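The exercises below concern aromatic rings and a helix, and each is followed by a worked solution. Please look over the sequence and the structure before starting.

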Amino acid sequence: MQIKPLNELKDFLGKIAAPMNIEIVDIEWNDKQTALTVFIETENGVDLDTCEKFHNAVMEPIDEFDPTYDAPYTLNVSSPGLDRPFRTERDFERNLLKEVEIKLYAPLKGKKFLEGVLTAFDENSVTVKLPQEEVKISRGKIAKINKAIKFD
């Protein structure tokens, strides 16, 4: 099935989301299930009410945008999840000075998994304070970086 470019849809939905203090984190298309999933975030997290509120707000406008060229599809609105990888600069900003988990493609000082505090970042690297030292890691060496999940 042919669909419109997801970046165009993200821009379109972003204009609806912004006044609601909602950020569009990502949009995914599942061709097999003909489902469009919009992942949203707010400063206070996302609950079922937030998803429903946004879903209701975009139902008519998205039909007018017609992302699937009149083909039927299912619209899902979801939280990106606790362990989602950082994809945008906003993800890094939101988690600055917080604990993160990093999975590397190749070992760094014998380890492929690091956990520490994100102390700095730029477009090319991230700096993480580990228990014994602070390390700067090229983004190209990072397979996944996400917020550390702690269960008390």
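**Exercise 1.** Determine over which ring face Lys4 lies, and follow that ring to its partner.

*Solution.* Lys4 lies over the face of Phe65, 4.7 Å from the ring centre, where a charge sits over a ring if NZ of Lys or CZ of Arg is within 6 Å of the ring centre and within 35 degrees of the ring normal. The model is predicted, so that local features need pLDDT of at least 70 and side-chain atom pairs count only at pLDDT 80 or more, while totals for chains, interfaces and linings use all residues. Residues are numbered from 1 along each chain as its sequence is written, and side-chain values use heavy atoms, with hydrogens and water left out.

Next, count the aromatic pairs (ring centres of Phe, Tyr or Trp, the last by its six-membered ring, within 6.5 Å; stacked under 30 degrees between planes, edge-to-face over 60, tilted for the rest): there are 3. Phe12 and Phe65 form a stacked pair, at 4.7 Å centre to centre and 25° between the planes. Because Phe12 belongs to helix H1 and Phe65 to helix H2, this pair ties together parts 53 residues apart in sequence.

**Exercise 2.** Establish where H2 bends and which residue caps its N-terminal end.

*Solution.* H2 spans residues 48-65, as a DSSP run (H or I, at least four residues). A bend of about 45° occurs at Met59, with Pro61 following within four residues; the angle is taken between axes fitted to the seven residues ending there and the seven starting there. Asp47 provides the cap, placing a side-chain oxygen 3.3 Å from the backbone nitrogen of Asp49.

Technical notes:
Helix = DSSP H or I, 4+ residues; strand = E, 2+ residues; numbered from the N terminus. Expected span 1.5 Å × (residues − 1). Polar contact = N/O pair within 3.5 Å; in protein donor to acceptor, adjacent residues only side chain to side chain.
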